[in-house]
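Walk me through this model, from the whole chain down to single side chains.

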Amino acid sequence: MNLSYFIAARYFRSKEKKNFITVLSRISMIGVAVGTMALVVVLSVFNGLEGLIKGLYASFDADLKVMPLMGKSFEVEDDFLSAISSVEGVEILTEVIEDNALVRYGEHQVVATLKGVSENFLLQNRFEKGYFSGTMSLGEDGRPQAILGRGLSYFLLLDLDDDFELMQVFYPREPRAGSIDPSSMYNRSVIRPAGIFSIEKQYDDEYLIVPLDFAADLLEYGNRRSALEIKVADGYSIEKVKTSLREHLGKDFIVNDSNEQHASLLMTIRLEKLFVFLTLTFILAVASFNIFFSLSMLAIEKKKDIAVLMAMGGTRNFIRSIYLKEGAIIAFSGALMGLLLGFVICWVQDNYGLVSLGVTSSIVDAYPVKMRWTDFFYTSLSVVVITLMASYRPALIASRVKTTMHL
């Protein structure tokens, strides 16, 4: 706006009004183009971040997760598990026991999320996206091994090369009546650390993955399970398999897909995207004031020409449409330039990663972007609405010129 006023003062001093209006129109067009470009780029970055988070979670989480509606565990029998496995589209069924436990390694200890899984857990490429070091194994009978997050390993100062130091895992139990022995208040087991993974901070700082039998014995779960994780076979729709499982299990169980397992986080990202869209749209509306000024000055300068047109039979609607079309030309030209520039910037970022995240330990080096046609559509729609609103008042002023004025 300050640039516009500077140019306005310059051209008014030189009395070159026509050139001033032309320059102001071009500034308006550039303002619309820059605002449109910013909207496209920022919305594409949010899409990329959402897709990145979904991808990271999807690599660790199952396609579908079955949990009890009430309580934190439920009884399972072989017939129950076989019936679920026989549902069309279910490829792998993983039994899960999950609860908090105290983990000690050497002189360091931390409360972690203990996740006991059946053997087929590692057959699903759960650590494909991310970082992994060590041995991807949960051991064998009598010699259990654990895989833990990188953040958890930092807290414990874990050394995978130390074959003599084992992790101790403690879980509280109901105290026995009349017992004064402190050891009777908790269960204790030892396990060898085998591997370290890094996928996402929430998982890296919390999860300790152990064999199912190890968790069942430590937590005294028996045949109870916290959840069942299901991998959907290729060629089957996750939504259809989810619907089939809900019909089979009834109202006592919840079946969530990967998005529903992290609904609050994804909702937060979408709300941030919405508020950013509204903020940039408001900035675009402020930038469109240049269109209002340029058309208003054009209406003032062209009063004689408008009077001539109206004297020759031109209607008020005809005069109004001229100014609305002038605003539309500025808007569509600027929007088209902005959409093209936004597309080019996003394409370059997606293919070459020019703008880095600045985090050396990040899984991705550059800001992820993902372009969606809906963002282009809503951006174009907002630009059209804003510019038409900015053009309406000058068009109304121009259409009210009286034909009785002196020519």
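What follows moves from overall figures to rings, then to one threonine and one helix.

The model is predicted. Its chain has 407 residues, and 43% of them count as buried. The secondary structure comprises 13 helices and 13 strands. Look next at how contacts are spread along the sequence. Among contacts with a separation of 6 or more, 78% are between residues 24 or more positions apart. The accessible surface of the chain is about 22500 Å². Carbon and sulfur atoms supply 59% of that surface.

Now the rings. The structure contains 11 aromatic pairs. One of them joins Tyr203 and Tyr207. The ring centres are 5.4 Å apart, and the planes meet at 75 degrees. That angle makes the pair edge-to-face, because planes over 60 degrees apart are classed that way. Both partners can be checked for burial. Tyr203 has a relative accessibility of 2%, so it counts as buried. Tyr207 has 10%, under the 20% cut-off, so Tyr207 counts as buried too.

Phenylalanines also group together. Phe121, Phe127, Phe132 and Phe197 form a cluster linked by ring pairs.

Charged side chains meet rings as well. Arg150 sits over the face of Tyr131, 5.3 Å from the ring centre. Arg224 does likewise with Tyr221, at 4.4 Å from the ring centre.

Turn to Thr94. This residue belongs to strand E3, which covers residues 90–105. Is Thr94 buried or exposed? Thr94 is buried, because its relative accessible area is 0%, and the cut-off for burial is under 20%. What surrounds it, leaving out residues up to four places away in sequence? Thr94 touches Val117, Ser118, Asn120, Phe121 and Gln124. It also touches Ala227, Leu228 and Glu229. Two of these names carry further detail. The side chain of Gln124 makes a polar contact of 2.7 Å with the side chain of Thr94. Phe121 is one of the members of the phenylalanine cluster.

Last, helix H12. It runs over residues 316–352, which makes 37 residues. How far apart are its end C-alpha atoms? They are 53 Å apart. The expected span is 54 Å at 1.5 Å a residue, so the two values agree. The expected figure uses one less than the number of residues. Just after H12 comes Gly353. Its phi is positive, near 60 degrees.

Notes
Residues numbered from 1 in each chain as written. Predicted model: local features only at pLDDT ≥ 70, side-chain atom pairs only at ≥ 80, totals over all residues. Heavy atoms only, no water. Helix = DSSP H or I, 4+ residues; strand = E, 2+ residues; numbered from the N terminus. Buried < 20%, exposed > 50% of the residue type's maximum accessible area, 1.4 Å probe, protein only. Contact = heavy atoms within 4.5 Å. Areas by Shrake-Rupley, 256 points an atom, 1.4 Å probe, with all protein chains shown as cover. Phe/Tyr/Trp six-rings, centres within 6.5 Å; stacked < 30°, edge-to-face > 60°. Lys NZ or Arg CZ within 6 Å of the ring centre and 35° of its normal. Polar contact = N/O pair within 3.5 Å; in protein donor to acceptor, adjacent residues only side chain to side chain.
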